[in-house]
Amino acid sequence: MAAETSLKTIEWVGGVDGFVRMIDQTRLPGELVHVEIHDPPAMWEAIRQLRVRGAPAIGIAAAMGVVLGLRDVNDTDVAILRKRLDEVCEYLSTARPTGVNLTWALQRMRRRADALGQSDVATLRRALLDEARRIRDEDAAMCHAIGQAGESLIRPHAGVLTHCNAGGLATAEYGTALAVCYAAHERGRPFRVFADETRPLLQGSRLTAWELQQAGIDVTVICDSTAGMLMRRGEIDLVLTGADRIAANGDTANKIGTYSLAVLARAHDIPFYVAAPSSTFDLSIPDGSHIPIEQRDPDEIRRGFGRLTAPPQAKCFAPAFDVTPAELIRGLVTEAGIISPVGTESISAALGAREACQNIWNRR
Ligand code: MRU
């Protein structure tokens, strides 16, 4: 079990002059192929094209992308490295706008450099590689803690509905929403998962179903439009998704279609939970109206399955994410425990507790 749920989604290979190796998620489930990334433009492209995707994994990719951008700075002048650091951070921050982990990770890299003051170039590069690796390792630890915090939400023989992919592929390992499933499965609890296929890019059918099958969890793929029918038939006991950005009041951006599920869940009196690490919270914005929503290429809708699925010139509306208001969310499953009810006060109290956890991890 542990091997299957510990996919090496993204890793740094070698020392400061090394490179990034990641699963190319655009090739799944047909092929499990890795790509090597050697410079920031290749990393930018990998993020934009969803070779690496899912908010936490994008954050890790961005941090490692910064280290790649400093590989050829051999100059002894620290000012040149600093300038390059700023340029690379600025550049990578434009790859995708909604998931806050991207900017969170880049800020962390900048802060690490600031803390080292006028250290020499070699020391700075080494420290930034360590920081990127730490971001990866901490994400893995947070995901495992999320699994433990949320596993009791899944009752024996429950039907769990999930959307998009919030699994090991979307994080350092283990996942967020799927971490909860993995942890319940590891306890021997029988349950089944329904995976929304998640149009237009099919992260649910391509990635979530693939991951869960590898782990031996009973998974059934459904078209996104089937969710309401299953709820009405009483087959769904819990809806569990990940998040790309959670505002201070708990409003949550996640893959387009999540809001519709939350409304359906409310109509059928089914608990709707969001699982996310603290790195996905953006306490600088009061509510979800401030979350930038990525618009994707309309051809992802018009040419959905490698062929025309709409007239070539059809107008398409292609947001990648929507925002679910906090009042529809029963709880937020985080590494610091389950936050419920969801609101500004409960979130700030819980994230204060999380700071304590973070300090413990940093000391290890
Ligand atoms: O466009 P994607 O595939 O990057 O969207 C991913 C999601 O919406 C996930 O649910 C979210 O990032 C959480 S991943 C733990």
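## Around the ligand

An oxygen atom of the ligand sits 2.9 Å from an N or O atom in the side chain of Q203. Keep in mind that this is a predicted model, so distances here come from predicted coordinates.

Two arginines show up in the same kind of role. The side chain of R53 has an N or O atom 2.5 Å from an oxygen atom of the ligand, and R96 places a polar side-chain atom 2.8 Å from a ligand oxygen. Both arginines also belong to the group that comes nearest to the ligand: out of 19 residues around it, that group is R53, R96, D244, N254 and K255.

## The three-stranded sheet

Now for the sheet. It is an open one, built from three strands in the order β1-β2-β3, with antiparallel pairing. The edges are β1 (10-13) and β3 (34-37), each of which pairs on one side only. On average, neighbouring strands in this sheet are turned by 25° against each other, if you ignore direction.

Looking at one pairing in detail, β1 and β2 (residues 19-23) run antiparallel to each other and are joined over four bridges. One residue pair to look up is V13 and F19: F19, in β2, is the bridge partner of V13.

There's a helix to go with the sheet, too. Helix α3, which covers residues 55-69, lies across β1, β2 and β3, and it runs at about 20° to β1.

## A113 in helix α5

Next stop, A113, which you'll find in helix α5 (residues 100-115). Is A113 buried or exposed? With a relative accessibility of 0%, A113 counts as buried.

What does A113 touch, leaving aside residues up to four places away in sequence? The answer is R82, L85, L124 and L128. For L128 there's a backbone distance as well: its C-alpha atom is 7.1 Å from that of A113, although the two residues are 15 apart along the chain.

## Cysteines without disulfides

How many disulfides does a search of the whole structure find? It finds zero.

Take C181 as an example. Why is there no bond here? The closest cysteine sulfur, in C143, is 13 Å from the sulfur of C181, and that is too far for a bond. A disulfide would need the two sulfur atoms within 2.5 Å.

As for where the cysteines sit, C181 counts as buried at 1% relative accessibility. C89 is buried too, with a relative accessible area of 1%. Both values fall under the 20% cut-off, which is why the two residues get that label.

Methods. Residues numbered from 1 in each chain as written. Predicted model: local features only at pLDDT ≥ 70, side-chain atom pairs only at ≥ 80, totals over all residues. Heavy atoms only, no water. Buried < 20%, exposed > 50% of the residue type's maximum accessible area, 1.4 Å probe, protein only. Pairing = 2+ DSSP bridges. Helix = DSSP H or I, 4+ residues; strand = E, 2+ residues; numbered from the N terminus. Axes fitted to C-alpha atoms, helices over the stretch in contact; angles between N-to-C directions. Contact = heavy atoms within 4.5 Å. Near = heavy atom within 4 Å. Polar contact = N/O pair within 3.5 Å; in protein donor to acceptor, adjacent residues only side chain to side chain.
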